[in-house]
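Biologist: Could you take one helix of this chain and go through it closely, from its geometry to the residues it packs against? I would like a single connected account.

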Amino acid sequence: MALLILLWSYIRVVLKDPGSVPENWRAVSGEESLEVGTSLAAAEDGFERRWRGGGYCIHCQNGKPPRCHHCSICQRCVLKMDHHCVWVVNCVGACNYKFFLLFLVIFGF
């Protein structure tokens, strides 16, 4: 049974897309996301808040969300990228992370 789960999780982590950024993605600007009458510069506790929008990937020539990184091996941006794993020949990201962890747990026992 463990071998079956091991093979299933390995196939899923290899074939599942780790989470890619849609074409022409752009972040919602600070002014668009604020409600009427609120201020971005000062909060009630006196600290200044800064909007942390996405960046821009110079390799993909596309906007990228926060916690998105460009993989130099796959040549694409991956959402919540952990690393590029040579065992599974794929990036470990937002959409296949749980299958990767399941593969490691079953493989470790």
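Modeller: What follows is a close look at helix H1 and its surroundings in a predicted model. Helix H1 runs over residues 2–15, and its 14 residues reach 20 Å from the first C-alpha to the last, close to the 20 Å expected at 1.5 Å a residue. The UniProt record, an unreviewed entry, places the feature "signal peptide" at residues 1–16; over that stretch the model is 88% helix and 0% strand, with the end C-alpha atoms 22 Å apart.

Turning to burial, Leu6, Ser9 and Val13 are the buried residues to consider in H1. They lie on the same side of the helix, because the arc that they cover around the axis is only 75°. An α-helix has 3.6 residues a turn, so residues three or four places apart point the same way. On the other side of H1, Leu3, Leu4 and Leu15 are exposed, where exposed stands for a relative accessible area over 50% and buried for one under 20%.

The buried residues of H1 pack against two elements, strand E6 (90–92) and helix H3 (97–108). In H3, Phe99 touches Trp8, Ser9, Arg12, Val13 and Lys16, when residues up to four places away in sequence are not counted. Val13 and Phe99 also belong to the largest nonpolar core, whose 6 residues are completed by Cys85, Val88, Val92 and Phe100. In soluble globular proteins, nonpolar side chains tend to be buried together.

Aromatic rings give a further connection between H1 and H3. Of the 4 aromatic pairs found in a search of the whole structure, one is formed by Tyr10 and Phe103, whose rings are tilted, with 5.3 Å from centre to centre and 45° between the planes. This pair links distant parts of the chain, since Tyr10 is in helix H1 and Phe103 is in helix H3, 93 residues apart. The two partners differ in their exposure: Tyr10 counts as partly exposed because its relative accessibility is 30%, whereas Phe103 is buried, with a relative accessible area of 7%. Phe103 also pairs with Phe107, and here the rings are stacked, at 5.7 Å centre to centre and 20° between the planes. Phe103 and Phe107 are 4 residues apart in helix H3, and therefore about one helical turn separates them. Taken together, ring pairs link Tyr10, Trp87, Phe103 and Phe107 into a cluster.

Note on methods: Residues numbered from 1 in each chain as written. Predicted model: local features only at pLDDT ≥ 70, side-chain atom pairs only at ≥ 80, totals over all residues. Heavy atoms only, no water. Core = buried A, V, L, I, M, F, W, Y, C linked by side-chain atoms within 4.5 Å. Buried < 20%, exposed > 50% of the residue type's maximum accessible area, 1.4 Å probe, protein only. Contact = heavy atoms within 4.5 Å. Expected span 1.5 Å × (residues − 1). Arc of directions from axis to C-beta. UniProt positions renumbered as here; feature names shortened; annotations may be inferred. Phe/Tyr/Trp six-rings, centres within 6.5 Å; stacked < 30°, edge-to-face > 60°.
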